[in-house]
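Subject: Structure handover

Hi,

Here is the structure I promised to pass on to you. Please have it open while you read the notes underneath.

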Amino acid sequence: MPETSNVDYSTKIPNNVGLMDDQRVLKALEQWHPGYIDWWMTMGPEGFQTSDVYLRTAISIDPKGWAKFDYVKMPDYRWGILLAPRQEDRRVNFGVHKDEKAWQEVPGEYRAMLRRLIVVQGDTEPASVEQQRHLGKTAPSLYDMRNLFQVNVEEGRHLWAMVYLLQKYFGKDGREEAEGLLQRRSGDQDRPRMLGAFNEETPDWLSFFMFTFFTDRDGKMQLESLAQSGFDPLSRTCRFMLTEEAHHMFVGETGVGRAIERTCQAMREAGIEDANDIDAVRKLGVIDLPTMQKKANLHFSLSLDLFGSEVSTNAANYYTSGVKGRFQETRIDDDHQLTKATYPVSKLMDGSIKMVEEPALTAINMRLRDDYVNDCLKGVQRWNKVIEKTGVNYRLRLPHVAFHRGIGEFANIHASPTGQILSEQEWARQKDQWLPAKADGDFIAGLMAPCWERGKFASWIAPPRVGIDNKPGDFEYVKVDRA
Ligand SMILES: [Fe+2]
Ligand SMILES: [Fe+2]
């Protein structure tokens, strides 16, 4: 089958890239498949591999009606290779090759660069599945459990997407990298995943929602900039992945929003005015807002580290070569080569934080991070609307970009959430006010009792406004095996 907008389900690997006519790649993928299933069974969602889950599966790449919903056992999910349609006459849109025809094959000189970018992106996908594998057991509802599993199978598909590019365009070393993606493990001492945030634990559902809000949003920004790539197959793959990624951020934003809503309701009902009266709020069986702020501080700062150093020659090279662009590159009104432009970068100068103009080319990471922060800010404002509506006097905010950083300009200092630079002692004394402490984790862990009855929700989270696929409130999203 040639490339179309519909997906060929006649092969073991559903696809719209004409795999039937590409025996070499089909064979390579079929060889990789058992290892993938083995990884899914050992590292995927624990305890639910035989349950029927109401999942969406992509059946077309047409933006309208690309998915269908049905009960599927996760190991039977049809992971496939789906690329957005090829645009006639697409061009390289930035860098030294600007206006040349987009590349359908990997340019020799950029091979190592492209392989690196694809492997790093690919590595994050299975990592998050590994991080989330225990959460099904404490799901606050069948609705939430289903959303978790949906995110998990789609991250699995994103791994397939990157593996396809490696197998098709990078020969022997591509096949080795594809194997490596199944061998590293999140948090493993000897073979960790490649990026820091993907080796952290996701111990509870509030962490999961914060992770999908903050860290999947980093994924969105990376995919957006790779979707600009002059290497057309990478661009097309990322464009389709973004349609799935939107749901992950929906899960995060509404998950935190529903926890906030429930907390504020409980406070109102109990007549608690002071959101900082943590003990009183916790007695109601809900998560106090200051603890949510701490979790947001943690996940935001870990996610900022994923953007790398503010000033980076690697990022400049990716851009100049035309392999990785800026967020919404084609909508930006400039020369798309940036040979003379500058960009303001926040830097540590003589012990204080200042904005400094840097060449825009080396400040590419900073710019993407700024776009990310703005995107996060909009979500936080929507959370604050939820609080405001209930009349509770509290607002969530994003911490300063210098707070709790492990990479870049501020990696070697301590800063408060408002951006005040602190001594080692001051930091040690105050950090438990700003980041989840053991007692906070223990309290949240204590709330994480499973709630698997149809239409029921755990004490700490409000039901959603609408069901998935418009299903009614008591819909059985997961048929849990209770044997
Ligand atoms: Fe993903
Ligand atoms: Fe995602």
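Below is what I found, starting with the metal site and moving on to the pockets and a hairpin. Please keep in mind that this is a predicted model.

The iron site

Three protein residues act as donors to the iron ion (ligand 1): Glu 125 and Glu 155 through OE, and His 158 through ND1. Their distances from the ion are 2.0 to 2.2 Å. Along the chain, these donors follow the spacing E-x29-E-x2-H. Glu 155 has a further role in the geometry, as it bridges the iron ion (ligand 1) and the iron ion (ligand 2), which lie 3.5 Å apart. Glu 125 sits in helix α2 and His 158 in helix α3 (residues 142-169), so this pair ties together parts that are 33 residues apart in sequence. Both Glu 125 and His 158 are buried.

Helix α2

The helix that carries Glu 125 deserves a look of its own. α2 covers residues 111-131, 21 residues in total, and spans 31 Å between its first and last C-alpha, close to the 30 Å expected at 1.5 Å a residue. Since 16 of those 21 residues are buried, α2 is largely enclosed by the rest of the structure.

The two pockets

The largest pocket holds about 800 Å³ of space. It is lined by 38 residues, and the closest to its centre are Val 120, Leu 195, Gln 222, Leu 306 and Lys 324. Helix α2 turns up again here: along with α5 (205-226), α9 (313-321) and α10 (364-390), it supplies at least two residues of the lining. The largest share, 9 residues, comes from α5. By class, the lining of this pocket has 16 nonpolar, 14 polar and 8 charged residues.

The second largest pocket has a volume of about 400 Å³. Of its 17 lining residues, Thr 254, Gly 257, Glu 261, Val 386 and Arg 465 are the closest to the centre. Helices α6 (232-270) and α10 each supply at least two residues of this lining, which divides into 7 nonpolar, 3 polar and 7 charged.

The β3-β4 hairpin

Strands β3 (residues 342-349) and β4 (residues 352-359) run antiparallel and are joined by 8 bridges. Within this pairing, Ser 346 stands opposite Met 355 in β4. There are 2 residues between the strands, and Asp 350 takes a positive phi near 45° in this hairpin.

Happy browsing, and best wishes!

Notes
Residues are numbered from 1 along each chain as its sequence is written. Chains are lettered from A and ligands numbered from 1 in the order in which they are written. This is a predicted model: local features need pLDDT of at least 70, side-chain atom pairs count only at pLDDT 80 or more; totals for chains, interfaces and linings use all residues. Side-chain values use heavy atoms; hydrogens and water are left out. Helices (H or I, at least four residues) and strands (E, at least two) are DSSP runs, numbered from the N terminus. The expected span of a helix is 1.5 Å times one less than its number of residues. Buried means under 20% relative accessible area, exposed over 50%, partly exposed in between (1.4 Å probe, protein chains only). Two strands pair if DSSP finds at least two bridges between them. On a 1 Å grid over the protein atoms alone, a cavity is a set of points where a 1.4 Å probe fits but cannot get out, and a pocket is an open set with protein on both sides within 12 Å along at least five of seven lines; lining residues have an atom within 4 Å of a point. Grid points are joined across faces, edges and corners, and a volume is the space filled by probe spheres set on the points. Ala, Val, Leu, Ile, Met, Phe, Trp, Tyr, Cys and Pro count as nonpolar, Asp, Glu, Lys and Arg as charged, and the others, Gly among them, as polar. Donors are N, O and S atoms within 2.8 Å of the metal (3.2 Å for Na, K and Ca); water is not among the atoms, so sites may look incomplete.
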